[in-house]
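Open your viewer and keep the sequence panel visible. We will go from the whole chain to single residues and then to pairs of helices.

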Amino acid sequence: MPDRVYNVLFLCTGNSARSILGEAILNHVGQGRFQAYSAGSTPKESVHPMTLETLAKVGIPTDGLRSKAWDEFAAPDAPKMDFIFTVCDNAAGEVCPIWPGQPMTAHWGIEDPAAVDGPVFKQRAAFDDAMRYLRNRIGAFINLPIASIDRMALNSKLEGIGAMDGTTTKSSKVA
């Protein structure tokens, strides 16, 4: 068992796709070292069905996943977050609640698969892409030496993860 469990919050506006994927993936691969959550500034009424389908397809549990407001995690009795990752550009630009405990933050922008119109195969491909990008970023994150790296170096590493393949952040894209 790890010495310490790190709480991680994935934020997105609607909390129906990308942030839910992040929560589920990290809880699945985090090996008990991480407890992941997700929330949105204006959450949808439910998790997008293709989010659940995409997770189930790769064997990641979907029990208990729900769309929720980020206010839940700013409440006094909420878990204290160690890390907060925005996964959509809209959430990154919004004024967030004050998070207790000074969590480390980074923007890991990914295109919204729930916004893809067209044939079902294109929608599924968008969800598969979002899943792949998040798995790669989360894989890099869980392999960081969090306990032994200083805050400035860790922040730099977190920002680097956000610039990995699939980023929506224009300034970090290579032309």
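Here is a tour in several stops, each beginning with something to select.

**Before you start.** This is a predicted model, in which local features need pLDDT of at least 70 and side-chain atom pairs count only at pLDDT 80 or more, while totals for chains, interfaces and linings use all residues. Residues are numbered from 1 along each chain as its sequence is written, and side-chain values use heavy atoms, with hydrogens and water left out.

**Stop 1: the whole chain.** Colour by secondary structure and you should find five helices and four strands. These are DSSP runs numbered from the N terminus, with helices being H or I runs of at least four residues and strands E runs of at least two. Along the sequence they follow the pattern β-α-β-α-β-α-β-α-α. Of the 175 residues in the chain, 46% are buried, meaning under 20% relative accessible area (exposed is over 50%, partly exposed in between, with a 1.4 Å probe and protein chains only). Contact here means heavy atoms within 4.5 Å. Among contacts in the chain with a separation of 6 or more, 73% are accounted for by residues 24 or more positions apart.

**Stop 2: Asn7.** Select Asn7 in strand E1. Its relative accessibility is 14%, so Asn7 counts as buried. Beyond its neighbours within four places in sequence, Asn7 is in contact with Gln35, Tyr37, Pro79, Lys80, Met81, Asp82 and Phe83.

**Stop 3: Gly14.** Move on to Gly14, in the loop between strand E1 (6-12) and H1. Gly14 counts as buried because its relative accessibility is 12%. Leaving aside neighbours within four places in sequence, show its contacts: Thr42, Pro43, Lys44 and Ser67. Then draw a C-alpha to C-alpha distance from Gly14 to Ala69, which should read 8.7 Å across 55 residues of sequence.

**Stop 4: Thr86.** Next, pick Thr86 in strand E3 (residues 83-86). With 10% relative accessibility, Thr86 counts as buried. Which side chain does Thr86 join through a polar contact of 2.7 Å? It is that of His107. A polar contact is a pair of N or O atoms within 3.5 Å; within protein, one must be able to donate a hydrogen and the other to accept it, and residues adjacent in sequence count only if both atoms are side-chain atoms. The C-alpha atoms of Thr86 and Ser38 are separated by 9.7 Å, with their positions 48 residues apart along the chain.

**Stop 5: H1 against H4.** Two packed helices are described by the angle between their axes and the distance between the axes. Select H1 (residues 18-29) and H4 (residues 120-142), whose axes come within 9 Å and cross at roughly 45 degrees. Axes are lines fitted to C-alpha atoms, for helices over the stretch in contact, and angles run from 0 to 180 degrees between N-to-C directions. H1 and H4 are therefore oblique to each other; under 35 degrees counts as roughly parallel, over 145 as roughly antiparallel, 65 to 115 as roughly perpendicular and the rest as oblique. Show as sticks Arg18, Leu21, Gly22, Ile25, Leu26 and Val29 of H1, with Phe127, Ala130, Met131, Leu134, Arg135, Ile138, Phe141 and Ile142 of H4, which make the contact.

**Stop 6: H2 against H4.** Keep H4 and add helix H2 (residues 49-57): the axes come within 10 Å and cross at roughly 60 degrees. The contact is made by Met50, Thr51, Glu53, Thr54, Leu55 and Lys57 of H2 and Val120, Gln123, Arg124, Phe127, Asp128 and Met131 of H4.
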